[in-house]
Amino acid sequence: MKMFVKEHKKAVTIWIGLMIVFLIASFLTGTADGHESLRNAMRDAVLHEDNRISLFGIMSVNPAVISAYTVTAVMLIAAALIRIFIIPKFTIVPGKAQLVLETMVDYFRGLAEKSSPHRNKVLGAYVFAAGVYICISTLFELFGFQAVCTNGTSIALPAPFSDINGAIAMGVMSYFFIMSGGIAGNGIKGVGLTLKEISLVLSLSFRLFGALLSGLLVTELVYHTIYLSIVFPVLVGIMFTLMHALIQAYVLTMLVALFYGEVSEPPVAK
């Protein structure tokens with residue numbers, strides 16, 4: 001009991017420390033630019049017409065594209081480092097890093113086995129990768145990495161799924177993965193089973209996009225409405241980001257596993 005109280009106090013102390021850091025950062029960064037109206041800020045958050053970034057001097061892209069490339073590179077490097085330096089050191093009695101990794105893997109493997117008892121090995125790997133990517137991509141905007149736009153202004157890189165194209169890409173990829181399970185389990189008939197759920201593409205895509213965009217727009221609204229707002233934008237931004245990171249990762253992986261198990265279930269012999 002004493003150990004639990006001690007750990008709880010430690011977590012609260014860390015959380016308060018983070019709030020103080022964000023509060024100081026809010027003072028240092030100041031208020032919103034006076035030349036940009038709330039309407040323009042929200043419009044650009046959706047359409048990305050003004051604040052675009054040069055991609056190696058080849059073309060101008062949405063900031064979310066740079067965010068997606070950055071998150072992907074970080075995840076690939078982290079996966080390689082974990083595979084080389086951490087996994088070979090796994091022991092029977094797990095340490096903290098091993099316990100975290102095993103808990104994550106067990107959760108997604110259990111989700112795959114429960115939803116698709118017949119074909120779940122590839123499903124477990126996919127929902128694990130998709131869930132981790134969604135979670136990290138959503139949390140990415142909290143770091144506030146700066147980038148210079150083609151018009152000379154500086155912006156913080158948003159979450160990859162705040163761009164509708166990124167959300168559609170994840171939805172379409174998940175849909176075709178579900179279709180692959182239908183083909184593997186039922187052959188050409190699996191295509192027909194999957195096509196019956198064509199609305200799933202829109203459901204997965206716009207759920208991701210709407211959730212991430214709603215948090216961004218609410219933060220912009222608070223930031224532009226309350227004069228010299230210092231605490232509220234930080235609290236609102238963190239609250240929405242943390243909720244979306246967990247909820248959207250859980251919802252997408254659960255739906256993918258559920259529909260994959262449904263279309264890949266072999267026909268019952270008569």
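**Exercise 1. Overall architecture**

Among contacts in the chain between residues at least 6 apart in sequence, what percentage join residues at least 24 apart? Establish also the secondary-structure pattern and the share of buried residues.

*Solution.* The structure is a predicted model, in which local features need pLDDT of at least 70, side-chain atom pairs count only at pLDDT 80 or more, and totals for chains, interfaces and linings use all residues. Residues are numbered from 1 along each chain as its sequence is written, and side-chain values use heavy atoms, with hydrogens and water left out.

Step 1. Contact is defined as heavy atoms within 4.5 Å. Of the contacts between residues at least 6 apart in sequence, 71% join residues at least 24 apart.

Step 2. Helices (H or I, at least four residues) and strands (E, at least two) are DSSP runs, numbered from the N terminus. The chain contains nine helices and four strands, in the order α-α-β-β-α-α-α-β-β-α-α-α-α.

Step 3. Relative accessible area under 20% defines buried, over 50% exposed, and values in between partly exposed (1.4 Å probe, protein chains only). By this criterion, 36% of the 270 residues are buried.

**Exercise 2. The nonpolar core**

Identify the residues of the largest nonpolar core that touch the most other members, and the elements that supply the core.

*Solution.* Step 1. A nonpolar core is a set of buried Ala, Val, Leu, Ile, Met, Phe, Trp, Tyr and Cys residues joined through side-chain atoms within 4.5 Å. The largest such core has 44 residues, and L123, I134, F161, M170, L208, L252 and V256 touch the most other members.

Step 2. At least two residues each come from β1 (53–55), α3 (63–86), α4 (96–115), α5 (121–140), α6 (164–186), α8 (199–225) and α9 (232–264). Helix α9 gives the most, with nine residues.

Step 3. Apart from neighbours within four places in sequence, V256 is in contact with L123, Y126, V127, S174, F177, I178 and L204.

Step 4. In soluble globular proteins, nonpolar side chains tend to be buried together.

**Exercise 3. Two threonines**

Determine whether T241 and T194 are buried or exposed, and describe the surroundings of each.

*Solution.* Step 1. T241 lies in helix α9 and counts as buried because its relative accessibility is 4%. Apart from residues up to four places away in sequence, T241 touches T138, L139, E141 and L142.

Step 2. A polar contact is a pair of N or O atoms within 3.5 Å; within protein, one must be able to donate a hydrogen and the other to accept it, and residues adjacent in sequence count only if both atoms are side-chain atoms. The side chains of T241 and E141 make such a contact at 3.1 Å.

Step 3. T194 belongs to helix α7 (residues 189–195) and, at 1% relative accessibility, is buried. Its side chain reaches the backbone oxygen of G190 at 2.8 Å.

Step 4. Beyond neighbours within four places in sequence, T194 is in contact with Y175, I178, M179 and V263.

**Exercise 4. The salt bridge**

Locate the salt bridge and explain the sequence spacing of its partners.

*Solution.* Step 1. A salt bridge is a side-chain nitrogen of Lys or Arg within 4 Å of a carboxyl oxygen of Asp or Glu. The structure holds one: D106 pairs with R109, their closest N and O atoms being 2.6 Å apart.

Step 2. Because D106 and R109 are three residues apart in helix α4, about one helical turn separates them.

Step 3. D106 is partly exposed, with a relative accessible area of 40%; R109 is also partly exposed, at 45%.
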